[in-house]
Amino acid sequence: MIIRISEAHAHVGESVTIQGWLYNLRKSGKIVFPIIRDGSGMMQCVAVKSNISEELFDQLKSLTQESSLSVTGTIRAEAREWRL
């Protein structure tokens with residue numbers, strides 16, 4: 001199911017797809033934290049090297065700002081509120 005970022009709170013625990021642009025990308029060894037934006041907001045994602053193919057992990061690490069992408073995963077609630 002494709003959703004907008006602003007709808008994520010209603011899909012906690014569900015597998016969804018977010019489509020948007022790469023706002024920022026942080027790398028920390030075997031974990032990558034892409035921040036995705038769409039017309040409704042921003043969301044931090046987490047990609048762990050051991051959970052995806054090495055080819056996909058390498059592609060993700062090489063994305064540049066404003067790259068278009070589609071991310072599928074399970075929505076997890078974050079208790080902390082943060083703003084960019």
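## A salt bridge across the chain

A salt bridge here means a side-chain nitrogen of Lys or Arg within 4 Å of a carboxyl oxygen of Asp or Glu. Keep in mind that this is a predicted model. With that rule in hand, how many salt bridges does a search of the whole structure find? The search turns up one. The partners are Arg37 and Glu66, and their closest N and O atoms sit 2.6 Å apart. That distance falls within the 4 Å limit, so the pair counts as a salt bridge. As a general point, side chains of opposite charge can pair when their charged atoms come close.

This pair ties together distant parts of the chain. Arg37 belongs to strand 3, while Glu66 comes from the loop between helix 1 and strand 6, and the two are 29 residues apart. Are these partners buried or exposed? Neither label fits: Arg37 is partly exposed because its relative accessibility is 26%, and Glu66 is partly exposed too, because its value is 38%.

## A closer look at Glu66

Glu66 has another feature to check in the backbone. Its phi is near 75°, which is a positive value in a residue other than glycine. As for where to look, Glu66 is in the loop that runs between helix 1 and strand 6.

Now compare the position of Glu66 with that of Ser53. Going from C-alpha to C-alpha, the two are 23 Å apart in space, with their positions 13 residues apart in sequence. Ser53 sits in the loop between strand 5 and helix 1. Ser53 is partly exposed, because its relative accessibility comes to 42%.

## The nonpolar core

Which residues have the most contacts inside the largest nonpolar core? They are Ile18, Val32, Ile36 and Met43, in a core of 16 residues. Three elements each give two or more residues to this core: strand 2 (15-28), strand 3 (31-38) and helix 1. Strand 2 supplies the largest share, at four residues.

Strand 3 is also home to Ile35. Ile35 is buried, because its relative accessible area is 5% and the cut-off for buried is under 20%. The C-alpha atoms of Ile35 and Val46 are separated by 8.8 Å, with the two residues 11 apart along the chain.

## The lysine patch

On to the surface. Lys27, Lys30, Lys49 and Lys61 gather there in a patch of positive charge. One of them, Lys49, is in the loop between strand 5 (47-48) and helix 1 (54-61). Lys49 is partly exposed, because its relative accessible area is 30%, and partly exposed covers the range between the buried limit of 20% and the exposed limit of 50%.

## The start of the chain and strand 6

Where does Met1 lie? Look in the segment before strand 1 (2-3). Met1 counts as exposed because its relative accessibility is 56%, and the cut-off for exposed is over 50%. From Met1 to Val12 is 13 Å in space, C-alpha to C-alpha, and 11 residues in sequence.

Ile2 makes a handy marker for a long sequence separation. Its C-alpha is 9.3 Å from that of Ser70, although the two residues are 68 apart along the chain. Ser70 is part of strand 6 (residues 68-74). With a relative accessible area of 48%, Ser70 is partly exposed.

Note on methods. Residues are numbered from 1 along each chain as its sequence is written. This is a predicted model: local features need pLDDT of at least 70, side-chain atom pairs count only at pLDDT 80 or more; totals for chains, interfaces and linings use all residues. Side-chain values use heavy atoms; hydrogens and water are left out. Patches are made of residues with over 30% relative accessible area and no salt bridge: like charges are joined within 9 Å, nonpolar side chains (Val, Leu, Ile, Met, Phe, Trp, Tyr) within 5 Å. Accessible areas come from the Shrake-Rupley method with a 1.4 Å probe; for residues, only the protein chains shown count as cover. Lys and Arg count as positive and Asp and Glu as negative; His and the chain ends are not counted. The place of a charge is taken as NZ of Lys, CZ of Arg, CG of Asp or CD of Glu. Buried means under 20% relative accessible area, exposed over 50%, partly exposed in between (1.4 Å probe, protein chains only). A nonpolar core is a set of buried Ala, Val, Leu, Ile, Met, Phe, Trp, Tyr and Cys residues joined through side-chain atoms within 4.5 Å.
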